[in-house]
Amino acid sequence: MIALLLRDLRLALRAGGGFGLGLAFFLILTVLVPFSVGPQSTLLGTIAPGILWLGALLACLLSLDRLLALDFEDGSLDVLATAPIPLEGALAVKGLAHWITTGLPLVVAAPALGVLLNLPGAGYGWLVVSLLLGTPALSMIGVFGAALTVGIKRGGLLLSLLVLPLYVPTLIFGAEAARRGAAGLDPATPLLMLTGLSLGCIALLPFAASAALRMNLR
Amino acid sequence: MMPELGKYAFEVLSAYGVSLLLLAALLGLSIARDRRARADLRHAEEETRRNG
Amino acid sequence: MSLWEYANPVKFLRLSERVLPALWVFAGLCVATGLIWGFFATPDDYRQGSTVKIIFLHVPSALMAINAWFMMLVTSLIWLIRRHHVSALAAKAAAPVGAVMTVIALATGALWGQPMWGTWWAWDPRLTSFLILFLFYLGYIALWEAIEDPDTAADLTSVLCLVGSVFAVLSRYAVHFWNQGLHQGTSVPVATGARTVSDVFFIPLVICMIGFGMLFVALVLYRTGTEIRLRRTRALLARGARGA
Amino acid sequence: MTLLVQNLTVARGGVPVLTGVTLRLDAGKALILRGPNGAGKTTLLRTIAGLQPPLRGTIDGAEDRVAYGAHADGLKAMLSVSENLRFWARVYGEHDITAALAAYALEPLRDRLAGTLSAGQKRRAGLARLMVTQRPVWLLDEPTVSLDTDAVAMFAGAVDAHLAGGGSAILATHIDLGLQAETLDLTPYRAAPDARHGASDEAFL
């Protein structure tokens, strides 16, 4: 399974691998926000944690439909399903690869974009922590959504419709943790809920995703 | 006969109106869909009987 | 004759044909009496004025919205475990009904809250949970429509329903955590049994709830019949094409 | 170890396609599936590969011994030939790809991106992938599609080498590959139009 991880990482870094895609989208979205709500820094500062979390979430969503669809088209999924490695493990690794290629860069870029939105000083640390803890859940839920819609033509839109409601708990706890951090309050409870959510997703969703994938390959 | 609804008459009436409208629409669509399904089924059954 | 007897679509059709007329009449009567009684014969609430009459629509529809999803969860499990087509098609038939019930609950909830909140929508946690539930319904229905092969569609939507249910419950608590809430206490807390609604409202409310329940069952039976007919047409045509 | 398929019934889209298929494949032997398009060749291969459950019948000797090769070769366009092969080798527990590269004369193409290969070269890389999996039973679905004559000859030679090495193969193809292999015409096993056999549509008929 490590081989699968290394292959996916190498693929993502190659041209056309879509490595910078999520990052670029996140930057553009953050730049557009002041144009839409106006440049008052006080207003921007209050909504900054929420906007940054929403941007990270949508950036994750953007790169999901490529996750399995490419392997489906070139036959790799069929061979992977008959390979000796467990499909659940393969999909967990897919989620990990998506997290490393999309989730982590977002976490790294978030503080820089926080400056654009006049994020209060205290908020930077908690923003990074909440994103670090929340993005694994986003990736794992994304793998489940991708497994559901892998066989469907133009499944990208349907994937978003299915995955966004599933993102709601992660967004609420993540943004709340970032907002409390920015306001100087104690973000312990939302962070704990977020961590629990992420761990639950990592532990259980690969099984649901591989069940869905087997149904799609049938 | 009409009960005195006071200043919230609009809210109450529109609540009942919207709800009954939605239920009627759901019912109507379901019936139309069922009628079409029955017609298709009859057609398909005749066809299989003819060249079955 | 075990319950699984009715897993055979043709037998199910025959049974539902017999039961449906009575069910429609009974549901119609219940809903009509409940709503008319509640609308005309109940006094105004000293605080909320006449808006309290909306309770007769809001509470039953909210109840049905949640029960519909729970019913879909159970039928999805039955499909995954015992592969009974009727239960998968019943889930597919129930989804739009559940979605409409959720919209009614949302609309009546917003209208009912308007005088107190002063706005049409106040992101009240309970109402927001119904908004999220509505999104789940949309995703479920969209997934059914997106897949041609009926069996794969039934499988995938069942998995989505299972996973969706877990996230729906999570969302409900997340939403309560996110906003403390302006909703009044549950009118008929089933668990505690205590009634915060005085008697004069309670009787018509219960009638309405029974009425909405019967209406839901009737609608689902009726729509499942339609789904079975569509599947039968598809099977006949597929076999016809193969035979030719 | 032979591959034994007894009284197999397979369905596609809930409709039974083949019923009562019985075949036996000994080591070193090949079997060519014949039949018109849509006869169920692909469905049969996918069922033997374990990608879909059969409606009825048993498959013995296929567990962890089959390698499935469909039209698409499972090669990533943005990875080089050696990277592709090394990946599949590691997935199947093997590590050495030099033998496979040599067997299909892929040494010169070693570092070329798979996307830039011609159809014939891509098929050779696909075959190398099959070899790397060290799986004795090859299931090949229309392997010679989009190949020119000498590529087909090369393909036949490769399959012969695999058989000589004690492997076996089932091929679904229309082209005569000149392999000395039995052929199995699937038309007699075609499911009758009203055949049921527990296919999911049966409940509605």
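# Reading interfaces and helix packing in a predicted model

Modeller: Between them, chain B and chain C bury about 3,200 Å², 74% of it on carbon and sulfur atoms, where buried area is the accessible area, taken with a 1.4 Å probe, that two parts lose on being put together, summed over both. This is a predicted model, in which local features need pLDDT of at least 70 and side-chain atom pairs count only at pLDDT 80 or more, while totals for chains, interfaces and linings use all residues. Residues are numbered from 1 along each chain as its sequence is written, chains are lettered from A and ligands numbered from 1 in the order in which they are written, and side-chain values use heavy atoms, with hydrogens and water left out.

Biologist: How many residues does each of chains B and C bring to their contact, and which three residues of chain B supply the most buried area against chain C?

Modeller: Contact means heavy atoms within 4.5 Å, and by that rule 33 residues of chain B and 39 residues of chain C take part. Tyr16(B), Leu26(B) and Arg33(B) supply 20% of the area that chain B buries against chain C, more than any other three residues.

Biologist: Which pair of chains has the most contacts, and how far apart are the nearest C-alpha atoms of chains that do not touch, such as A and B?

Modeller: Of the 4 pairs of chains that touch, B and C have the most contacts. Chain A and chain B do not touch, their nearest C-alpha atoms being 23 Å apart, and no contact joins chain B and chain D either, although their closest C-alpha atoms lie 9 Å apart.

Biologist: How many residues meet between chain D and chain A, and what area is buried there?

Modeller: In that interface 23 residues of chain D are in contact with 24 residues of chain A, and the area buried is about 2,100 Å², of which carbon and sulfur atoms give 64%.

Biologist: What counts as a salt bridge, and how many are found at these two interfaces?

Modeller: A salt bridge is a side-chain nitrogen of Lys or Arg within 4 Å of a carboxyl oxygen of Asp or Glu. The rule finds 4 across the interface of chain B and chain C, including the one between Asp34(B) and Arg229(C), whose closest N and O atoms are 3.1 Å apart. Between chain D and chain A the count is 3, and one of the salt bridges joins the side chains of Asp71(A) and Lys76(D) at 2.3 Å, N to O. Over all chains the structure holds 22 salt bridges.

Biologist: Where in chain A do Glu176(A) and Arg179(A) lie?

Modeller: Both lie in helix H8 (residues 155-182) of chain A, 3 residues apart, about one turn of the helix, and Glu176(A) forms a salt bridge with Arg179(A), the closest N and O atoms being 2.7 Å apart. Helices here are DSSP runs (H or I, at least four residues), numbered from the N terminus.

Biologist: What describes two packed helices?

Modeller: The description rests on the angle between their axes and the distance between the axes. Axes are lines fitted to C-alpha atoms, for helices over the stretch in contact, and angles run from 0 to 180 degrees between N-to-C directions. In chain C, helix H3 (residues 85-117) and helix H4 (residues 125-146) pack at about 155°, with axes 9 Å apart. That makes H3(C) roughly antiparallel to H4(C), a term for angles over 145 degrees, whereas those under 35 count as roughly parallel.

Biologist: Which residue classes make up the contact of H3(C) with H4(C)?

Modeller: There are 19 nonpolar, 3 polar and 2 charged residues, where Ala, Val, Leu, Ile, Met, Phe, Trp, Tyr, Cys and Pro count as nonpolar, Asp, Glu, Lys and Arg as charged, and the others, Gly among them, as polar.

Biologist: At what angle do H7(A) and H9(A) cross?

Modeller: Helix H7 (residues 123-149) and helix H9 (residues 188-217) of chain A cross at roughly 15°, their axes coming within 7 Å, and the two are therefore roughly parallel to each other.

Key. Angles under 35 degrees count as roughly parallel, over 145 as roughly antiparallel, 65 to 115 as roughly perpendicular and the rest as oblique.
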